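Reader: Hi! I have a structure open and would love some help reading it. Could we go through it together?

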Amino acid sequence: MQETLIRCENVSFQYGEERDNLTALKNIDLEINRGEFVAILGHNGSGKSTLAKHFNAVLTPTNEGRVLVGGIDTKDEERVFEVRRQVGMVFQNPDNQIVATVVEEDVAFAPENLGVEPSEIRRRVDEALEAVGMSEYKKHAPHKLSGGQKQRVAIAGVLAMQSDCIVLDEPTAMLDPQGREQVISTIVKLAREQGKTVVLITHFMEEAALCDRVIVMNDGQILLDGTPKEVFSKRAELKSVGLSVPAVTELCAILNESGLDISPDIISEEECLKEVSRVLKG
Amino acid sequence: MGDITIGQMYPASSAVHRLDPRFKIVFTIMFVVMLFTAGSALTVAVNAAFVLIAYTLAKIPLKMLVKTLRPVIPIVVFMLIFNVLFYSGETVLLKLWIFKITLEGLKSAVFMVFRIVLIVAGTSLLTYTTSSIELTDAIESLLSPLKKLKFPVHELAMMMTIALRFIPTLIEETQKIMSAQKARGADFESGNLIARVKALLPILIPLFISAIKRASELATAMESRCYHNGIGRTRLKTLKSGKNDIAALMVMTGLLALVVVLSMFNL
Ligand SMILES: Nc1ncnc2c1ncn2[C@@H]1O[C@H](COP(=O)(O)OP(=O)(O)O)[C@@H](O)[C@H]1O
Ligand SMILES: [Mg+2]
């Protein structure tokens with residue numbers, strides 16, 4: 001029996017006044033379980049960021065729908081910090097989420113806001129920087145770090161809050177391939193080794209393929225929800241909403257269509273390699 | 001642009017870095033008073049010696065000092081020329097057309113240059129040896145009596161932290177926009193004043209828009225990290241004063257007294 005961490009019930013959200021008629025989310029029902037590693041896909045403007053902001057009470061539904069985080073209604077203003085402590089957020093632009101001019105002071109920001117004892121803050125900061133492999137930079141100035149390093153500092157800032165869940169909104173979108181690699185391997189480690197619940201919003205299909213579950217959004221609604229294999233097997237449907245599948249999936253699907261005996265639901269390079277060498281040998 | 005030094009910390013492990021930031025702010029104010037009291041070669045020399053010794057104790061390389069001073073060179077040159085040419089002194093050394101170069105003018109110019117250089121160098125030491133958070137914690141603590149008058153001390157301190165944090169980001173962005181506009185043929189270097197100001201508009205507008213976007217994203221990020229206001233906030237590093245701070249305070253008071261006394265006797 002899995003425990004639900006985040007539950008969205010009939011969530012709709014509108015930016016601005018009613019008459020603007022711009023509904024960013026439309027009656028979303030969704031459950032995310034503790035320990036899950038979930039990817040959210042969708043083209044620009046499909047409502048991914050808006051949904052993510054509902055997970056930590058930065059936004060609340062504008063209809064009667066509700067979001068429960070660990071059983072707490074995000075509309076409950078008294079308990080909003082309990083919600084935000086449980087669900088940490090990392091954003092796309094590393095420059096716009098770092099507050100302090102020294103790495104360790106930035107990581108300490110959340111526990112300071114929560115009124116944690118100084119000795120305990122010290123311990124958490126050291127531990128968090130260790131977990132993202134940035135310990136040796138703790139006295140550095142953040143603006144001199146690379147994009148990948150800045151994002152890892154931002155992740156450490158969330159870890160120091162001891163969140164159960166980390167939501168990352170396109171954390172690799174502004175990074176070079178090396179930075180992406182650093183950040184993704186950090187995220188995978190948190191999900192797989194530390195058992196954190198991770199929600200990764202991304203537009204890189206290869207990143208989504210690493211997760212346990214993929215949710216596809218389109219026009220403020222959930223279009224698909226399933227394992228990466230299930231979701232990526234619906235190539236046509238994804239294409240119709242402007243998304244692609246991982247390159248290896250595309251390749252194997254094309255090979256399969258051209259009559260080769262290759263399974264079309266391949267999502268990782270290793271699987272692809274195995275499948276192709278099996279066919280070549282056999 | 002790797003050489004933005006204003007408002008940025010130079011991390012090092014030194015006695016000056018470890019001083020209580022509240023004391024450092026007070027010392028900086030004492031230094032400014034001391035510098036403006038100084039009116040003679042001797043007292044200016046005391047100030048200069050103080051700055052040099054402080055930099056040495058703070059383990060800040062001379063290179064940094066040079067970098068700090070580079071942006072003020074134009075101001076210094078201007079002040080120098082202005083003082084030399086327009087100071088109305090008695091002892092005329094040289095007569096050039098309508099200008100007289102006088103001994104007093106030269107003296108005043110040299111003092112002016114020393115003052116500018118020393119004030120920039122001395123006050124920069126505060127930000128070099130103190131992180132922005134320490135600095136704002138200290139300001140908050142020093143101004144805390146004003147909280148009783150409902151003065152938003154914490155908010156002011158937070159604003160300062162963020163301003164310091166974003167200086168390098170915004171400078172970098174300005175340069176990016178400038179290169180982009182230059183690549184499209186914008187010309188910032190020629191033309192009269194009005195033409196140049198006009199050429200700046202295409203830089204200021206995108207910069208302004210991006211700054212607003214950054215501010216809104218930063219606000220969301222801060223909220224997400226449970227920031228509400230100063231109430232109930234703790235600190236990674238609690239401000240603590242110790243023996244060293246008291247010792248430094250005594251040295252500073254002594255120096256200030258010395259300069260004041262020397263100036264009273266016109267030395
Ligand atoms: N602050 C805002 N004010 C008004 N409309 C917004 C705002 N942020 C997003 N939107 C609109 O809401 C919709 C969903 O946006 P968003 O959640 O940012 O999508 P995504 O993250 O998937 O790109 C878009 O149509 C977008 O234009
Ligand atoms: Mg988005």
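Author: Happy to; we'll take the ligand, then one chain as a whole, then a few residues.

Reader: Anything I should know before we start?

Author: This is a predicted model, so to speak of a local feature we need pLDDT of at least 70, and side-chain atom pairs count only at pLDDT 80 or more, while totals for chains, interfaces and linings use all residues. Residues are numbered from 1 along each chain as its sequence is written, chains are lettered from A and ligands numbered from 1 in the order in which they are written, and side-chain values use heavy atoms, leaving out hydrogens and water.

Reader: Cool. Which residues are around ligand 1?

Author: Y15(A), L22(A), A24(A), H43(A), N44(A), G45(A), S46(A), G47(A), K48(A), S49(A) and T50(A) are around ligand 1. Being near here means having a heavy atom within 4 Å of the molecule.

Reader: What kinds of residues make up that shell?

Author: Three are nonpolar, seven polar and one charged. Ala, Val, Leu, Ile, Met, Phe, Trp, Tyr, Cys and Pro count as nonpolar, Asp, Glu, Lys and Arg as charged, and the others, Gly among them, as polar.

Reader: Which helix gives the largest share of the shell?

Author: Helix α1 (residues 48-55) of chain A, with three residues. Helices are DSSP runs of H or I with at least four residues, strands are runs of E with at least two, and both are numbered from the N terminus.

Reader: And how far is T50(A) from an oxygen atom of the ligand?

Author: An N or O atom in the side chain of T50(A) is 2.4 Å from an oxygen atom of ligand 1. With G47(A), a backbone N or O atom lies 3.1 Å from a ligand oxygen. A polar contact is a pair of N or O atoms within 3.5 Å; within protein, one must be able to donate a hydrogen and the other to accept it, and residues adjacent in sequence count only if both atoms are side-chain atoms.

Reader: New topic: how many helices and strands does chain B have?

Author: Chain B has 10 helices and two strands. Its pattern along the sequence is α-α-α-α-α-β-β-α-α-α-α-α, and its C-alpha trace spans about 70 × 60 × 40 Å along the principal axes.

Reader: How much of chain B is buried?

Author: Buried residues make up 40% of its 267 residues. Buried means under 20% relative accessible area, exposed over 50%, and partly exposed in between (1.4 Å probe, protein chains only).

Reader: Where is S131(B) found?

Author: S131(B) is in the loop between α6 (103-129) and α7 (132-143) of chain B. S131(B) counts as buried because its relative accessible area is 2%. Leaving aside neighbours within four places in sequence, S131(B) is in contact (heavy atoms within 4.5 Å) with T101(A), V102(A), E105(A) and M9(B).

Reader: How many aromatic pairs are there over all chains?

Author: Five. Rings of Phe, Tyr and Trp (its six-membered ring) pair if their centres lie within 6.5 Å; planes under 30 degrees apart are stacked, over 60 edge-to-face, and the rest tilted. F109(A) and Y227(B) form a stacked pair, 5.8 Å centre to centre with 20° between the planes. That pair crosses between chains, from helix α4 (residues 109-113) of chain A to the loop between α9 (193-224) and α10 (243-264) of chain B.

Reader: Is F109(A) buried or exposed?

Author: F109(A) is buried, with a relative accessible area of 1%. Y227(B) is buried too, at 15%.
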